[in-house]
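Please work through the exercises below with the sequence and the model at hand. Each task sentence is followed by a solution that proceeds step by step.

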Amino acid sequence: MLVFATLQLASCSGSSTGTAPERPNILFVIMDDVGIDQMPSFGYGGATPPNMPNIDAVAQAGLRFGNTWSMPECSPGRAAMFVGRYPLRTNIYQAIGENDLANSQITPDDMTTPKLLRTAGYESGLFGKFHLAGPENNAAGNGTPGVLGWDYFYGWVGGLPASIDTTAGGVAPQGTYPCGFVPPASRGGADSGACYLPDKTCQPLVAASPGQDAVGKQCVTRGGIFVPRAACQATPPASLDFGKANAYYVSPLVINSAAGVEVVPLTDRRARGYRTSIEVDAAINWIRQRNPSRPWMATVSLTGAHTPIQQPPSALTPRSSGTGDSLGCTGLAEQRDLQNRMIEAMDTEVGRLLVETGLARRSPDGTLAYTPAASNTMIVIVGDNGTLGNMVKLPFNAQRAKGTAYQTGVWVPLIVSGPLVNQPNRTVDHMVNMVDVYQLFGEIAGIDVHASVPRVLDSATLLPYLRRADQPSVRSINFSQGGSNIQRNGGRNGPCVIGGNTCSHIPINKGVCEDNGGVWWGSGATDPSVPNKPTGYQTCCQVNQALYKAGKDMVEIMPDTSTAIRNATHKVVRNTVQQYDPANDNCSVVPFSEFYAVDQNQPKPTLDDADKNLLTQTLSAPLKAIYDDLTAKLDRMLASQPACVGDGNIDGVVNAQDLDNWRMISQAWGLSSTYDLNFDGLTNDVDRDLLARNAGPCAKAYSLY
């Protein structure tokens with residue numbers, strides 16, 4: 001076992017479940033790209049909050065943790081939830097993409113939540129977005145959920161939806177239908193036609209009333225391809241492409257079960273239909289089949305409301321005006337309306353999940369009637385990171401949102417409800433981190449988490465907050481961190497210019513860049529100084545270099561790394577940013593720090609906006625003392641995981657076990673693994689030599705909060 005130094009409160013190892021039912025079940029719901037700015041139940045939501053009556057009902061019946069930080073992007077945020085450790089320990093600093101090596105993925109040697117809960121007899125299923133490891137650069141491929149401990153998985157290993165298919169299944173040229181389906185005739189589409197299904201059957205569709213979805217959307221919701229203004233034929237048109245993904249309506253489904261790994265083709269009906277409904281259907285089916293004598297944890301990892309922005313079926317948005325089919329999916333105002341609808345659809349399906357699994361019922365007026373004590377199930381609902389910039393609700397800062405460690409980028413909702421919660425319908429304003437959710441799951445199961453996991457954890461206890469309304473803050477600091485994942489030979493995601501004036505390395509590829517309204521400058525881009533010349537840039541700094549030499553305005557560059565630490569009242573943000581120097585025609589990475597007062601006031605919190613940086617003035621003695629203390633703690637945090645080359649199984653020592661692991665991987669796989677020590681995408685003799693040179697115990701790691 002790894003021996004480590006700790007700086008933590010004694011209460012953080014709590015394990016008892018008190019007088020509540022033993023080993024409650026756990027329903028864990030993750031919302032994607034839904035920051036606290038979207039949440040009316042937390043006192044925010046701006047002038048046009050999304051309709052979320054079902055999640056609001058759960059929040060009112062439990063605890064609202066109103067001061068919770070996650071990481072700036074989805075994969076590091078989710079890794080924090082499922083292993084209880086910060087990015088500096090997992091090397092997962094941003095959303096995992098197809099070029100990220102296994103060194104920046106959750107490994108089979110980590111103690112994931114399902115592995116931890118298995119020690120208390122739990123079964124675990126995950127439904128929807130995975131995005132913790134694989135399928136690329138990973139020996140387990142599409143089997144990574146099973147390898148990492150989940151007994152059952154039904155969803156999307158790579159996580160991100162595909163781009164919108166603007167051909168709507170091959171019925172029109174590229175770019176014809178920006179929302180991925182044939183719109184109504186009033187929008188240049190059709191009100192009648194033939195809906196062909198993957199089994200080559202066909203259904204004629206005709207618009208029946210103004211309140212219905214466009215027949216083109218009805219067809220894609222059923223898993224079909226709609227041919228406008230056509231009659232059904234015995235043989236489908238040759239142009240129809242059932243093998244093409246389409247954002248939320250056609251997705252590459254993967255199933256991990258005791259029977260093995262099944263990759264469901266896009267031509268299979270199971271891979272077609274509205275993605276949020278598929279995710280919830282799978283969870284309902286699994287929960288209903290559980291043996292009541294064994295506790296379970298079901299993670300419903302919803303893709304919504306991640307880009308691409310696309311209309312959900314209007315049956316899922318009963319409180320929104322109209323069907324949304326007249327919206328075009330490209331304008332900012334349209335996208336903001338559509339994302340509200342996507343969140344409402346997600347909320348509707350969460351309500352159905354609770355009702356159809358017996359965790360709640362419908363009142364005569366149709367509202368959700370949820371009584372926590374009526375079931376032996378704890379419900380935990382979170383957002384994985386802050387909201388995407390253009391979708392941010394005021395007064396939160398769209399320029400400092402997802403992808404940064406500013407408040408709008410890391411401040412997320414956390415709701416906990418169920419039989420372990422005393423004095424429900426209250427808000428906890430003490431600092432909480434997403435790593436603490438990992439410990440909560442163990443505490444619900446009666447596990448002493450820190451004593452059970454043989455490596456450094458960053459998690460603190462949440463259970464006392466459930467028991468006592470007057471519980472003092474467990475944490476004295478909070479922490480968040482984002483950056484770049486490890487890619488082959490020092491590579492990185494290509495640059496993407498979003499909104500015409502901001503360059504970012506967050507989008508993992510050209511498709512994701514364009515799904516976020518960006519212009520791709522990576523491989524295959526066009527140099528503005530030489531029209532139509534295929535080229536490709538590695539960094540945003542090189543983009544500015546090209547723009548400058550073409551006589552055009554340079555763009556702002558999002559931070560390469562963004563790290564933050566706070567106490568109860570103040571926050572330090574430390575970023576590194578690429579800068580192009582025209583005088584010397586070179587690029588450099590420049591670090592800088594900022595210092596802010598922050599709070600959770602509703603509906604207008606004090607945020608870390610640029611004009612509020614306290615370092616632009618001389619600090620008073622009390623403020624300087626706070627700044628110096630936070631800066632010192634940030635330095636200690638960043639130094640708390642010393643590098644240990646060769647410790648591929650993260651047991652704190654480089655020894656014969658690592659050599660045996662290297663030998664097995666190099667012979668059976670030979671590609672990316674945690675034993676690819678020089679990050680060239682290979683596990684080979686070069687790595688064996690590095691192992692030999694670094695044999696011995698690792699420097700001690702420690703936790704600090």
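**Exercise 1.** In this predicted model, decide how the side chains of Lys 612 and Asp 609 meet, and state whether Lys 612 and Asp 609 are buried or partly exposed.

*Solution.* Begin with the distance: the side chains of Lys 612 and Asp 609 come together in a salt bridge, at 4.0 Å from N to O. Next, take each partner's accessibility in turn, recalling that buried means under 20% relative accessible area and exposed over 50%, with partly exposed in between. Lys 612 has a relative accessible area of 37% and is therefore partly exposed, whereas Asp 609, at 17%, counts as buried.

**Exercise 2.** Find the salt bridge between Asp 560 and Arg 492, and explain which parts of the chain this pair ties together.

*Solution.* The first step is again the geometry, and here the side chains of Asp 560 and Arg 492 meet at 3.3 Å, N to O. The second step is to place the two residues: Asp 560 lies in the loop between strand 22 and strand 23 (561-566), and Arg 492 in the loop between strand 18 (478-482) and strand 19, so the salt bridge ties together parts that are 68 residues apart in sequence. The third step is accessibility, where Asp 560 is buried because its relative accessibility is 13%, while Arg 492, with a relative accessible area of 26%, is partly exposed.

**Exercise 3.** Set the pair formed by Asp 689 and Arg 688 within the salt bridges of the whole structure.

*Solution.* The side chains of Asp 689 and Arg 688 form a salt bridge of 3.7 Å, N to O. Asp 689 is partly exposed at 37% relative accessibility, and Arg 688 is partly exposed at 35%. Widening the search to the whole structure gives 36 salt bridges. Salt bridges also link Asp 281, Arg 288, Glu 349, Arg 352 and Glu 356 in a network.

**Exercise 4.** Describe the surroundings of Thr 631, starting from the helix in which this residue is found.

*Solution.* Thr 631 belongs to helix 15, which spans residues 621-638. With a relative accessible area of 16%, Thr 631 is buried. Turning to its polar group, the side chain of Thr 631 reaches the backbone oxygen of Tyr 627 at 2.8 Å. Finally, once neighbours within four places in sequence are left aside, Thr 631 is in contact with Val 572 and Arg 574.

**Exercise 5.** Identify the buried residues of helix 14 and the strands against which they pack.

*Solution.* Helix 14 covers residues 540-549, and its buried residues are Cys 540, Cys 541, Val 543, Asn 544, Ala 546 and Leu 547. These buried residues pack against strand 19 (496-498), strand 20 (502-504), strand 22 (556-557), strand 24 (570-581) and strand 25 (586-597). After helix 14 comes Gly 551, which has a positive phi near 75°.

**Exercise 6.** Work out the strand order of the open sheet that three strands form.

*Solution.* The order is 7-6-8, with antiparallel pairing. Strand 7 (202-206) and strand 8 (225-228) are the edge strands, each pairing on one side only. On average, neighbouring strands of this sheet are turned by 30° against each other, direction ignored. Looking at one pairing in detail, strand 6 (residues 192-196) runs antiparallel to strand 8 and is joined to it by four bridges, and Gly 193 has Pro 228 of strand 8 as its bridge partner.

Key. Residues are numbered from 1 along each chain as its sequence is written. This is a predicted model: local features need pLDDT of at least 70, side-chain atom pairs count only at pLDDT 80 or more; totals for chains, interfaces and linings use all residues. Side-chain values use heavy atoms; hydrogens and water are left out. Buried means under 20% relative accessible area, exposed over 50%, partly exposed in between (1.4 Å probe, protein chains only). A polar contact is a pair of N or O atoms within 3.5 Å; within protein, one must be able to donate a hydrogen and the other to accept it, and residues adjacent in sequence count only if both atoms are side-chain atoms. Contact means heavy atoms within 4.5 Å. Two strands pair if DSSP finds at least two bridges between them. Axes are lines fitted to C-alpha atoms, for helices over the stretch in contact, and angles run from 0 to 180 degrees between N-to-C directions.
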